[in-house]
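Student: Please take me through one part of this model slowly, and spell out the cut-offs behind each term as you go.

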Amino acid sequence: MSDILDTNEISMEEEDINANKVYGILSYIGFLFIIPLLAAKDSRFAKFHANQGLVVFLAQMIINVASTTVCALLSAINLGAMAAVVAPLVSLVSLALSVIGIINAAQGKAKEIPVIGKFHILDSENKQE
């Protein structure tokens with residue numbers, strides 16, 4: 001379990017971190033990952049968290065579609081009670097990903113989200129080699 005939570009952390013300038021923590025935090029609240037891209041274009045810290053926020057957002061969308069499909073199938077075969085357990089568990093996983101990102105941004109860390117954080121859609125210069 002600790003291997004999953006032990007992800008790459010990228011070194012950032014302290015001045016950039018302090019000036020853009022709020023943008024990092026906003027990145028993990030739904031589609032608000034767009035705000036750092038518009039308001040803090042030159043910040044590596046904000047771009048890093050905007051990318052992570054986008055990855056979390058896309059993962060949540062995929063997870064929600066899959067969960068809805070599975071729950072519909074379970075209900076169709078008279079296993080609705082199981083669907084009532086699956087949906088909240090999936091929602092908790094989605095919420096946990098956002099909370100981890102918010103905590104990292106608030107602590108001034110440019111640390112990847114567990115499992116899905118290795119995907120870099122927006123900011124290739126922040127990739128850990």
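Tutor: Happily; what follows is a close look at helix α4 and the parts that meet it.

This is a predicted model, in which local features need pLDDT of at least 70 and side-chain atom pairs count only at pLDDT 80 or more, while totals for chains, interfaces and linings use all residues. Residues are numbered from 1 along each chain as its sequence is written, and side-chain values use heavy atoms, leaving out hydrogens and water.

Let's begin with α2. Helix α2 covers residues 14-26 and helix α4 residues 44-76; helices here are DSSP runs of H or I with at least four residues, numbered from the N terminus. Their axes lie 8 Å apart, at an angle of about 30°, where each axis is a line fitted to C-alpha atoms over the stretch in contact and angles run from 0 to 180 degrees between N-to-C directions. The two helices are therefore roughly parallel, a label for angles under 35 degrees, with over 145 called roughly antiparallel, 65 to 115 roughly perpendicular and the rest oblique. On the α2 side, D16, I17, N20, K21, Y23 and G24 meet R44, F45, A46 and H49 of α4, contact meaning heavy atoms within 4.5 Å. By class, this contact has 4 nonpolar, 3 polar and 3 charged residues (nonpolar: Ala, Val, Leu, Ile, Met, Phe, Trp, Tyr, Cys and Pro; charged: Asp, Glu, Lys and Arg; polar: the others, Gly among them).

Helix α5, residues 80-106, packs on α4 at about 175° with the axes 9 Å apart. That angle makes α4 and α5 roughly antiparallel. Their contact is made up of 13 nonpolar and 10 polar residues, with no charged ones. Within α5 sits S98, which is buried at 8% relative accessible area (buried is under 20%, exposed over 50%, partly exposed in between, with a 1.4 Å probe and protein chains only). Leaving aside residues up to four places away in sequence, S98 touches Y28, V56 and Q60.

Finally, the aromatic rings: the count comes to 1 aromatic pair, the rule being that rings of Phe, Tyr and Trp (its six-membered ring) have centres within 6.5 Å, with planes under 30 degrees apart stacked, over 60 edge-to-face and the rest tilted. F33 and F57 form this tilted pair, 5.6 Å centre to centre with 50° between the planes. F33 belongs to the loop between α2 and α3 (34-39) and F57 to α4, 24 residues apart. F33 is buried at 9% relative accessibility, whereas F57 is partly exposed at 22%.
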